[in-house]
Amino acid sequence: QELTFLSKQEILLAYKRFSELLPKEQRENACSARVPKSRILTLPELRANPFQHRICHVFSTSDDGDDSMSFEDFLDMLSVFSDSATSDIKSHYAFRIFDFDDDGTLDRKDLEKLVNCLTGQGEESRLSGAEMEQLIQNILEESDIDKDGTINMSEFQHVVSRSPDFASSFKIVL
Amino acid sequence: FFHGFYAEETLVGNLASMSTSERIKAIQKMPETMKKKREIRNKVLKEITKKSRHRSTQLCCCTQCLQGIAVSFRRFGNSLSEYFHLLQLQYKTLKVIGAEFGTSVLSYFIFLKWLLTFNIFSFLINFGFLTIPQFLAAEPNNLSFTGLELLTGAGYFQQTVLYYGFYTNATISKIKNGPSYNMQLAYIFTVGLYFVICFLILLFSMAKSFCRNFINPQAHSGNASKLLCTWDFNITNEKAVKLKQKNLSTQIKEDLFEVNREVLSFSVRERVVCIAVHFASWVASLGTALAACAGVYFLSTNNLKLFVKGHRNDLESQAAMLVLPVVTSLLNAFIPFFYSWLGRLERFHTPGQHIYVTIARNIILKISIVGILCYYWLNIVAASESQCWETLVGQDIYRLIVVDFLFCLLGSFFGEFLRRIIGTTVCVNLGLPEFDIGRNVLDLIYAQTLTWIGILFSPLMPGIQIIAFSIVFCVKKVSLMKNCQPPRKVWRTAQMTTSFMFLLFFPSFLGVLSVIGVTVWRLKPSDECGPFRGLSSMYAAVSEWIEILENYTASKWVVWIYHNLITSELFFFILSTSILIIAYLYWQIIEGRKIMIKHLHKQIIN
């Protein structure tokens, strides 16, 4: 409990939900088992979230790259998304979630994928090419302080700190 | 690899030298996986035991004791907060609302819950300190109970603990020469203490909210923060997610379009027309507010004449007493529609301006209605020849609250339920109604203002409001789930919550404080009823008590505090001047920091 922002109650609840995801044989040693990504995504809190794949990828510590999560990864995720997590840690992980190519900065391609995730895949809600260009241009103008064409971690955290809604919307509670 | 290892050593060293709670917080804050954090923590603990083995001879038992106390204290605090979580009612409900509709609608329900806790606190202390002693010294009630009292608050209720008039002015003592309970002092101190505590709570929550939500050094927050930070991870319903995505994309397209549009150069004629339209609609709205006030005033003076002329308790006069509250609630319900229609006629630069102007007009309307009612109560009812004017005022407030509550339920029924039926069957273009957060919050603030005014005249008023608010919570929740759709525009939740709290504090609470102040200091309580009968003002009870205390040497310090701090103008003058000086200094510091931010900004670019 000392390692996360969750309370004892929340950890027990998380344990219950996590073991429900496992097949019956593995439930006793739920602490060491890994749950494949497809089953994690059946959780109602993640099911409809457009960033579900990125969330699983960022928090998974599996070595084979299959994005499966152990109980500790699950707790890590819940801890970052909990109410008591600091804004710093939330923005740190938000940056990693939005960084689609995992290169440590948000360049134009990352931003494009981000906007597409936010607006959905339907035909009518997708932005056209020109609109996308302009939007990304506006974003970079505002947030890229050192004008290198990408948004790095500190610039992202600076932008996030100006928006007080971030902490309350970057939250998933079981 | 070596560099990473060295960094870890310094980290472990730093952590080992911190106190336990700081260390826990620092480890929690590290953005690493749990495995890594556990390794670091074990290393740190090893370091600490190594260090403490070196220093074990120096650790006196005092420090050990303190450490043990600190550890058990922390464990106690942890388990206490767990139990507190168990008691959190409506937790699941709020989560479901947030999941389907987002945090903006959730903020309304959280605000309602917050107001409910104010009322529960007030009810508990009033009941404990005022009503229970009164029960011990109660007089029998001769009037009969008919069902209509629930609506009108008169009749049977007049002689119960509900109203000010029933409270005795004696010092109650059940046992001869036993401890006595001075009802006058109890009344004034309970009410006063409650308002002081409310004031402090509101002030601190507002300050905290301002601190968190208004760090905005630049003029506009712009697209980037809106985009990168608005995804509400709370939403779990698929349909709601799709809807939010559609809304977000529409909004982005609109924003881009607005920026792209050439700055329309209004011709002089168009600008004049625009200003004239704004001016006309402001005149119209202020005129309606004034007309509403005049109507309320006229009706209430009529009411008083009716009441003082004859004390008939029959159905007709009871029904006549209900006319004023019904008319007030009707005005409160329908004039806002007129204002939003006016708002649609005008052309605003941004939709945000539209919302703010409409809310401002509604606030002016509600403040003027409450203001005119207070004026009527304090100047006319207090000076009238009725037997017990405070009970009259209490009854008026009771009726207003009950009728307002009924209208709120009706409004929910018509506004949301019927509108949904119309929107889905008869006129499909309209669609589902949206939950109008602004208007609902203003209704809540209005009801709470009435309750606060009513506390002095009817100590159990918060209890009635608790029942009303709980029912409103359930009804609104059910209506929301069944009838409404998620809001279309991105509503800046944090700023709005701060503005609601500010509205609650500034016109509402301070207005109530001034009304209560005038009542306690200036008005003469009625001669035949209530705890202050026979005194020249309610405050005279305190001055008399201080005079009695002067005769006892043990309590000279209380008298000294009273004369030199509370009643002396010099003290307040010095206090206000020092607060102003401190505020000015802080303002200058903020300005200086803004300049520094600009310099640093330029430095980073270069």
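Is B:Phe417 buried, partly exposed or exposed? In this predicted model, B:Phe417 has a relative accessible area of 30% and is therefore partly exposed. The residue is found in helix α15 of chain B. B:Phe417 also belongs to a nonpolar surface patch, together with B:Leu410, B:Phe413, B:Phe414 and B:Ile421. The accessible area of this patch is about 430 Å² in total.

Helix α15, which covers residues 389-426 of chain B, also holds a salt bridge. The bridge joins B:Asp396 to B:Arg399, with 2.9 Å between the closest N and O atoms. These two residues are three places apart in the helix, about one turn. In an α-helix there are 3.6 residues a turn, so residues three or four places apart point the same way. Both B:Asp396 and B:Arg399 are buried.

Over all chains, the salt bridges number five. Another of them pairs the side chains of B:Lys366 and B:Asp443, at an N to O distance of 3.5 Å. B:Lys366 belongs to helix α14 (residues 351-381) and B:Asp443 to helix α16 (residues 437-457), both of chain B, so this contact ties together parts that are 77 residues apart in sequence. The two partners are covered to unlike extents: B:Lys366 is buried, with a relative accessibility of 7%, whereas B:Asp443 is partly exposed at 24%.

A further salt bridge is formed by B:Lys594 and B:Glu591, whose closest N and O atoms lie 3.9 Å apart. Both residues are in helix α21 (residues 569-605) of chain B, separated by three positions, or about one turn of the helix. B:Lys594 is partly exposed, with a relative accessible area of 41%, and B:Glu591 is likewise partly exposed, at 33%.

Helix α16 of chain B, which contains B:Asp443, consists of 21 residues. The distance from its first C-alpha to its last is 31 Å, close to the expected 30 Å at 1.5 Å a residue. Of the 21 residues in α16(B), 19 are buried, so the helix is largely enclosed by the rest of the structure.

The unreviewed UniProt entry places the feature "transmembrane region" at several spans of chain B, including residues 114-136, 319-342, 354-378, 398-419 and 570-587. In the model, residues 319-342 are 96% helix and 0% strand, and the C-alpha atoms at the two ends are 35 Å apart. For residues 354-378, the helix content is 100% and the strand content 0%, with 36 Å between the end C-alpha atoms.

B:Ser329 lies in helix α13, which spans residues 323-345 of chain B. The residue is buried, and its relative accessible area is 4%. Apart from neighbours within four places in sequence, B:Ser329 is in contact with B:Val403, B:Asp404 and B:Phe407. A separation of 25 Å is found between the C-alpha atoms of B:Ser329 and B:Ile120, which are 209 residues apart along the chain.

Conventions. Residues numbered from 1 in each chain as written. Chains lettered and ligands numbered in written order. Predicted model: local features only at pLDDT ≥ 70, side-chain atom pairs only at ≥ 80, totals over all residues. Heavy atoms only, no water. Salt bridge = Lys/Arg side-chain N within 4 Å of Asp/Glu carboxyl O. Helix = DSSP H or I, 4+ residues; strand = E, 2+ residues; numbered from the N terminus. Buried < 20%, exposed > 50% of the residue type's maximum accessible area, 1.4 Å probe, protein only. UniProt positions renumbered as here; feature names shortened; annotations may be inferred. Patch = residues over 30% accessible without salt bridge, like charges linked within 9 Å, V, L, I, M, F, W, Y side chains within 5 Å. Areas by Shrake-Rupley, 256 points an atom, 1.4 Å probe, with all protein chains shown as cover. Expected span 1.5 Å × (residues − 1). Contact = heavy atoms within 4.5 Å.
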